[in-house]
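Reader: I am new to this structure and would like a close look at one buried spot, followed outward into the empty spaces and packed regions of the chain. Please take the time to explain each term when it comes up.

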Amino acid sequence: MQHPFISREAEGLVNGQAVSDGAGVRLLRVLGSDLQRRLDPFLMLDEFRSDNPDDYIAGFPSHPHRGFETITYMLAGRMRHRDNTGQEGLLGPGGVQWMTAGRGIVHSELPEQEDGLMHGFQLWLNLPAERKLCAPWYRDIPAAEIPSAPAQGEARLIAGHWRGQAGAVEREATEPLYLDLRLDAGSEETLEIPAGHNAFLYVYQGEIAVGAQQRGVKARQMAVLDNRADSDGVSLRAAADSRLLLIAGKPLGEPIAQWGPFVMNTREQVEEAIADFRDGRF
């Protein structure tokens, strides 16, 4: 006899903080440094959303990264990226760029539009200690190559393995699950999440009620999901037509030492990264 689905609950809600990054791009920082240990292996989540070119047109000129992965997911707009190895690509609506900074990369991300809506997300995913100095790598994934997964509304499986479907990217150490979910008003969905994973969801349109407690999560709020050991995942009910990200991953449990775009395990490693970048060794 199958036991009833046991849902995680929303243990806390986060409204995010308006910040400016790059050359003045306005962002909502949803996951920041204060939640890095609680939501290990995730380091940061930013949402950028504006139809005012002044908020995004200057983009993100050349800047370095070391020690983690960046996942950029575009909903609207176009972003051109170039790096110091000579590679470049164009990220369009519905597409994803998955970049492993590894031992070091210098790249730029610049809007390739002069007006209109620019909307998307950037998630930072930590690398385990033994992979922090791996060779840099990235993959541009056009919208058509992101699998759809069976769900009440529509689910796009950016990363992980879910309901028998492999996502666009899989990672062995952190086992990230990254879903973009659309739910119609009044619909209900249960989403399976491995019990040992840290997990959160971010509602970017509509309103969602989470778990048996039916805690409401409004648009542009993040819910940190609890880690009860006997849970199967999370149950959701859409109070309105809604869109949300569900993100979960296996914690690394390693020290985090960050200075801006460098995320290592010790301060000495961060200082080495700064020196290597300064001396042109990226």
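Author: Leaving aside neighbours within four places in sequence, His65 is in contact (heavy atoms within 4.5 Å) with Thr70, Met99, Ala101, Gly104, Ile105, His107, Trp124, Pro261, Phe262 and Phe282. This is a predicted model, in which local features need pLDDT of at least 70 and side-chain atom pairs count only at pLDDT 80 or more, while totals for chains, interfaces and linings use all residues. Residues are numbered from 1 along each chain as its sequence is written, and side-chain values use heavy atoms, with hydrogens and water left out.

His65 lies in strand S5, where helices (H or I, at least four residues) and strands (E, at least two) are DSSP runs numbered from the N terminus. With a relative accessible area of 3%, His65 is buried; that word means under 20% relative accessible area, whereas exposed means over 50% and partly exposed lies in between, using a 1.4 Å probe and protein chains only. The side chain of His65 makes two polar contacts listed here, one with the side chain of His63 at 3.3 Å and one with the side chain of His107 at 3.4 Å. A polar contact is a pair of N or O atoms within 3.5 Å; within protein, one must be able to donate a hydrogen and the other to accept it, and residues adjacent in sequence count only if both atoms are side-chain atoms.

His63, the partner of His65 in one of these contacts, leads to the largest pocket, for His63 is among the residues nearest the centre of that pocket, together with Asp21, Phe60, Glu109 and Gln122. On a 1 Å grid over the protein atoms alone, a pocket is an open set of points with protein on both sides within 12 Å along at least five of seven lines, a cavity is a set where a 1.4 Å probe fits but cannot get out, and lining residues have an atom within 4 Å of a point. The largest pocket has a volume of about 270 Å³, a volume being the space filled by probe spheres set on the points, which are joined across faces, edges and corners. Its lining counts 17 residues, and strand S5, the strand of His65, gives the most to it, with five residues. By class, the lining holds nine nonpolar, five polar and three charged residues; here Ala, Val, Leu, Ile, Met, Phe, Trp, Tyr, Cys and Pro count as nonpolar, Asp, Glu, Lys and Arg as charged, and the others, Gly among them, as polar.

Two residues from the centre of the largest pocket, Phe60 and Glu109, also border enclosed space. Phe60 lines the largest cavity along with Val25, Phe48, Tyr56, Gly59, Met79, Pro111 and Met118, and about 40 Å³ of space lies inside. Glu109 belongs to the lining of the second largest cavity, with Thr72, Met79, His81, Leu91 and Gln97, and this cavity holds about 30 Å³.

Elsewhere, Thr100 in strand S9 (residues 96-100) is likewise buried, at 2% relative accessible area, and the side chains of Thr100 and Glu69 are joined by a polar contact of 2.6 Å. Not counting residues up to four places away in sequence, Thr100 touches Arg171, among others. Arg171 is one of the residues that line the second largest pocket, as is Glu175, and this pocket has a volume of about 160 Å³. Glu175 sits in the loop between strand S16 (165-166) and strand S17 (177-183), is partly exposed at 36% relative accessibility, and has a positive phi near 45° although Glu175 is not a glycine.

The packed interior can be followed through Met222, whose C-alpha atom is separated from that of His65 by 26 Å, the two residues being 157 apart along the chain. Met222 is, with Tyr178 and Phe200, among the residues with the most contacts inside the largest nonpolar core, which has 28 residues. A nonpolar core is a set of buried Ala, Val, Leu, Ile, Met, Phe, Trp, Tyr and Cys residues joined through side-chain atoms within 4.5 Å. A second, separate core of 25 residues includes Leu181, Ile208, Val210 and Leu225.
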